[in-house]
Amino acid sequence: MKKLAFSLLLVFAAAWLAWQDVDAGQTQARPWMSPVVTREELAAMDWVRANTAPRTLFATDIFGGEFLMGNTLREATVGGDWAIIPNVVERMRAFQYDFYGAASAEQAHATAVKYGAAYAWVPNRQIFAGYSWVEANRSLFVEPYFTQVYGSGVAIYKVNP
Amino acid sequence: MVFNEFVMPTYGNTMIHVASSRELVETGQYPFADDYSYGGGQPNLYVPVYRFAYAEAVMLTGLPFDLVGRLFVMLFAILLPLGFFVLCRELWGEWPAAAAALLASAVPELLIYTVRPLPQALGLALLPIAFYLIIKNNRIAALAATALVVLTHQEAGVFLVGCAFAFFALKLLQALAAKAEKRKLALDAPAKLAFACWLAGVAVYFGWHFFITGNLDVFGLAQFQNHEGGKVTADLLATKAGRAVLLLGALGAVAALVRVVRKPFEPLNAEYFALACAGAGLFACFNDLVGIGVFMDRFIVFLGVALIPLAALGAKKIFDLGEALAENLL
């Protein structure tokens, strides 16, 4: 009986340590459960499906892009599996700094046109195109370069020719 | 955690897998030649089994993709401890098997990668089952499981074939050492099967890569070119693998090593297999030391998978030690 009690004591010590790790695991996992995207972006999926053709290319950040792909079968300028994409780092840098972080509407437009985007996806949250989290600057998306076609929470702009 | 948010998590590229599955469901075609990623127009290299399973589940149930993704996570949560139980019962017996099933919850990184609907979660859940089939010498099932893992998640596949090869190599060394001592110890069936699984896993992945890209340039992938992944430090390892599994795993490794050294010409497949997996996991986590420098921190979760059986053995040894100490002291 004493032998069993002593053994169980050691086992409980190990179990206590393991329980601490279970708790730590939940704390570590929680941030990864964030959807990142907003409810307004989810609501905009209906408009995208109704008003654009499959495989239409949107200028997006990574999370908005992947959300669009999965929900609507549209394509995005960044986001997805980067394994065999030519010049993928240059592409991410372009959408981080020359599109969402552009110095002017003209530069944002030129970047969207260079990569063949038909629409721009400008959500009401911080965006991430591969380098840093920043607020999307809506003052970039103005006529004659862009025409707003949807929304307030998330804005969708047509990239003008 | 799984049902808290209004949509399933988007971290970890969860939605790109939904895209391929959705196309399969909505059009009946899988986009082999035209991935959605980064502007589209490139071959769809990511291995497809998880996506096929996802599409199949949506078609069979009629449920939305988002709900099926969350239900998949619940399925992985059930599969994972069961897999470790089955594996460790074969390796060490029932008591350590129960410990292993519980310890599967004590590796934080394992939770992070199985609580989101990802191919990696399925790959991780399948790994212990594949290991069990190898050690049990169930040839057809082990080869099929190897192919399944490789076509579910690339890193899980790399880890599986690495473990299989390491086990084969250790057993081969043992057989050669026995031969040098003029003792009879042939390479046994599980070791040969492990070699076959290594060969099959490598062939299946390269076959897939060639089928999709038309070349075999695996090292040309962006992950290799850009050295994706961070360095593994002791702190990171303790945080991500969990202190209990690390400590018990180290104890189990010592116990297994002692047995191997004391009985060099016994088959001891359980010990050799567990040590081989730990070796493969450590090699993967510290691959920067040999100049590869890819995904080091991403392999911590696989080291966790390798350490759970050893930790289960360590837990058994603690119990035995407690009994022995009590006998002498009390």
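Colleague: Why is A:R55 called partly exposed?

Modeller: Keep in mind that this is a predicted model. The relative accessible area of A:R55 is 22%. Buried means under 20% and exposed means over 50%, so A:R55, at 22%, counts as partly exposed.

Colleague: Where does A:R55 lie, and what is its phi?

Modeller: A:R55 lies in the loop between α2 (39–51) and β1 (57–59) of chain A. Phi of A:R55 is near 70°, a positive value in a residue other than glycine. Most residues other than glycine have a negative phi.

Colleague: What makes B:F295 buried?

Modeller: B:F295 has a relative accessible area of 11%. The cut-off for buried is under 20%, so B:F295 is called buried. Phi of B:F295 is near 60°, again a positive value in a residue other than glycine. You will find B:F295 in the loop between α13 (269–285) and α14 (300–329) of chain B.

Colleague: How do you know that B:Q174 is buried?

Modeller: Use that cut-off again: B:Q174 has a relative accessible area of 5%, and buried means under 20%, so B:Q174 is buried. B:Q174 sits in helix α8 (residues 154–180) of chain B. Among the residues that B:Q174 touches are B:L185, B:F265 and B:Y272.

Colleague: Why is β7(A) described as largely enclosed by the rest of the structure?

Modeller: Strand β7 of chain A covers residues 155–159, and four of its five residues are buried, so β7(A) is largely enclosed.

Colleague: How do you know that β3(A) and β7(A) pair?

Modeller: Two strands pair if there are at least two bridges between them. Strand β3 (residues 119–122) of chain A shares four bridges with β7(A), in the antiparallel sense, so the two count as paired. In this pairing, A:Y119 stands opposite A:K158.

Colleague: And which residue of β7(A) does A:F146 stand opposite?

Modeller: A:F146 stands opposite A:V159. Strand β6 (residues 146–150) of chain A also pairs with β7(A) in the antiparallel sense, over four bridges. The two strands form a hairpin with four residues between them, and A:G151 in the turn has a positive phi of about 80°.

Colleague: What makes the peptide bond from A:E143 to A:P144 worth a look?

Modeller: That peptide bond is cis, with omega near 5°. Most peptide bonds are trans. You can find A:P144 in the loop between β5 (133–135) and β6 of chain A.

Methods. Residues are numbered from 1 along each chain as its sequence is written. Chains are lettered from A and ligands numbered from 1 in the order in which they are written. This is a predicted model: local features need pLDDT of at least 70, side-chain atom pairs count only at pLDDT 80 or more; totals for chains, interfaces and linings use all residues. Side-chain values use heavy atoms; hydrogens and water are left out. Buried means under 20% relative accessible area, exposed over 50%, partly exposed in between (1.4 Å probe, protein chains only). Contact means heavy atoms within 4.5 Å. Lists of a residue's contacts leave out its neighbours within four places in sequence.
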